[in-house]
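Biologist: I am new to this structure. Please take a close look at the ligand site for me, then move on to the salt bridges and the surface.

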Amino acid sequence: MKRVMVLGSTGSIGRNTLDIIGRMPGEFRAAALSCRSRIREIAAQTAEFKPEAVAVNSIDYTAGDLRQLLPAVQFYSGEEGLLKMIEEVGADIVVNGISGARGLLPSFKTLECGMDLALANKETVVMAGSLITELARKRNQKLIPVDSEHAALFSLLESAAERGVAEVILTASGGAFRDFSTEQLQNVRVADALNHPNWQMGPKITVDSATMANKGLEVIEAHYLFSIAVDKIKVLIHPQSYVHAMIRTIEGSLYAQISKPDMRLPILNALSYPRLLGADFADLELGNRELSFLPVDYQKYPLLALAYEAAKTGSAHCVVYNAANEVAVEAFLKERISFLEIAAVVADTLNLDWYGSTATLEDILDIDQRARVETERFIK
Ligand SMILES: NC(=O)c1ccc[n+]([C@@H]2O[C@H](COP(=O)([O-])OP(=O)(O)OC[C@H]3O[C@@H](n4cnc5c(N)ncnc54)[C@H](OP(=O)(O)O)[C@@H]3O)[C@@H](O)[C@H]2O)c1
C-alpha cells in the first residue's frame, strides 16, 4: 500500500488524485493533503480520506479556526507549515498539484526528503529544470511527470529512447478559441476563455490553453525533463485531445500514446510506476472516430513562439516567461487587461535585460520576483 501526499488536493489535479485513491483502497492511501484557502473542501476531503495531516496556506484562518474545521488531524499552516508537513509526515510518493510558482519549493523539499515526486506543477521544471532533474538524479528519486503530454513522452521514450529519437511532438487542443480569428480574439471575455472544449482544469491553466502559453510551458518542460534540444520539440494542434504525444524515431516511424482526455490516467500511472494497474476510465474505442492534426499558427499564438525563444535563450528567460505570464493571466482574470494584452505584457517583460545566474534556488526566486514587478509595471 503506497502512502500518497496530495499537495493542492482541492484543485483539479488534487481531486482527480483523490478519486484514484478512493477507487483503489488496496493500493493507495492518502497520507496528507494541502490547499491554499478552500478550507471547507479540504475539511470534507479530510473526513472522507482520513489523512494523517493537512496543510493550509492561508492567513485568513487562525489556528483556532483550523482546529475547529479539522478536528482529529494534525494541521500545518502557511508556506513554512507546508514544507514542514512534507518533511515530518512523509509519504511514499508526493503528488504536486499546486498551481503556479508556489509549487517550486514543495517539489524541492519532496526530493530532499527522499520521496518520489509525481509532478503536475510544470512551473517547477520551467523555473528550475536543471536543478530539479539534477537533484532527482543525485538522490536517486523518481521524478515522474503527470502533465498528460509528458506522461505520454515518459512512457514512449522509455521504450524507444535506445532506438534513436529524431523528434518529439506535443499535441495541443487549441483551447477555447481554436476556431477564432485574431480579430475575434480582441473582444473575448474571461468566461469565454475558461470554457475549455476538452479538459476540466483550474482557471490559470485553462486560460493558458486558450493563449497556448500552456504549450509553451510544456515545450520548456519537455526540454529539461527529457534533455531534448528545443528544435526537436514540435507542437501540433489536435482538436480531439486523444493523442497526447508522439515520438518520431530516426528512420521515420511515428509512435503515439492515445487515450481519452482524462487526467486520472497519467496520475494513476505516476502513482503505480513502474507497474501498470487496470483501470477503465481511459479506454478509447477508435472505430468511427476522427483524429485530425493541424500546424500551429504562431501569429495567432505569440506566447508559444515566445516560449521557444525563451527556451533557446536560457534558463533565466524561462523563469521570466513563467512569472510574467502568471501575473498577466491573474490580471486578465481580474479584468484588468484584455486577452490579447496577456501576450503583449509577457513580450514587453521578456524584452528587458534578463541575463543572470540561475545556479541556485535563491537566484531563480530573485529573477521571478523582479519579473513580477516589471510585468505589473507594464500592466499599470
Ligand atoms: N488540471 C489539469 O488537468 C492539469 C493538467 C496538467 C498539468 N496541470 C498542472 O497542475 C498544477 C495544478 O493545476 P490545477 O488545474 O489542478 O489547478 P487548480 O485547480 O487551480 O488547483 C490548484 C491547487 O493548488 C492550491 N494552491 C494554489 N495556490 C497555492 C498556494 N499559494 N499555496 C498552497 N497551495 C496553493 C489550491 O488551493 P485552493 O483550492 O485552496 O485555492 C488548489 O488546491 C498546475 O501547475 C497545472 O499547470 C494541471
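Modeller: The ligand site comes first, then the salt bridges, then a surface patch.

This is a predicted model, so local features need pLDDT of at least 70, side-chain atom pairs count only at pLDDT 80 or more, and totals for chains, interfaces and linings use all residues. Residues are numbered from 1 along each chain as its sequence is written, and side-chain values use heavy atoms, with hydrogens and water left out.

Start with the shell around the ligand. A residue is near a molecule if one of its heavy atoms lies within 4 Å of it. There are 25 residues around the ligand. Thr10, Ser37, Arg38, Glu123 and Asp147 come nearest. By class, the shell has eight nonpolar, eleven polar and six charged residues. Here Ala, Val, Leu, Ile, Met, Phe, Trp, Tyr, Cys and Pro count as nonpolar, Asp, Glu, Lys and Arg as charged, and the others, Gly among them, as polar.

Three helices each supply at least two residues of this shell: α1 (12–23), α6 (122–139) and α10 (203–211). Helices (H or I, at least four residues) and strands (E, at least two) are DSSP runs, numbered from the N terminus.

Now the polar contacts, meaning pairs of N or O atoms within 3.5 Å; within protein, one atom must be able to donate a hydrogen and the other to accept it, and residues adjacent in sequence count only if both atoms are side-chain atoms. A polar backbone atom of Arg36 is 3.0 Å from an oxygen atom of the ligand. Ser37 also uses its backbone: an N or O atom there lies 2.7 Å from a ligand oxygen. Asn57 uses its side chain, with a polar atom 2.8 Å from a ligand nitrogen. Taken alone, the ligand exposes 900 Å², and the protein buries 93% of that. Accessible areas come from the Shrake-Rupley method with a 1.4 Å probe; for residues, only the protein chains shown count as cover.

Next, the salt bridges. Each is a side-chain nitrogen of Lys or Arg within 4 Å of a carboxyl oxygen of Asp or Glu. The whole structure holds 26 of them. One joins Lys142 and Asp116, at 3.5 Å from N to O. This pair links distant parts of the chain, 26 residues apart. Lys142 is in the loop between α6 and β7 (143–145), and Asp116 is in strand β6 (residues 116–119).

Are these two buried or exposed? Buried means under 20% relative accessible area, exposed over 50%, and partly exposed in between (1.4 Å probe, protein chains only). Lys142 has 35%, so it is partly exposed. Asp116 has 15%, so it is buried.

Lys215 and Glu218 form another bridge, with the closest N and O atoms 2.7 Å apart. They are separated by about one helical turn because they sit three residues apart in helix α11 (residues 213–225). Lys215 is buried at 5%, and Glu218 is buried at 1%.

In helix α16 (residues 361–379), Arg370 and Asp366 are four residues apart, so about one helical turn separates them. Their side chains meet in a salt bridge at 3.3 Å, N to O. Arg370 is partly exposed at 40%, and Asp366 is partly exposed at 40%. Elsewhere, bridges that share partners join Asp19, Arg23, Asp262, Arg264 and Asp280 into one network.

Last, the surface. Ile258, Leu286, Leu291 and Phe293 make a nonpolar patch of about 300 Å². Patches are made of residues with over 30% relative accessible area and no salt bridge: like charges are joined within 9 Å, nonpolar side chains (Val, Leu, Ile, Met, Phe, Trp, Tyr) within 5 Å. Ile258 lies in strand β11 (residues 254–258). Ile258 counts as partly exposed because its relative accessibility is 37%.
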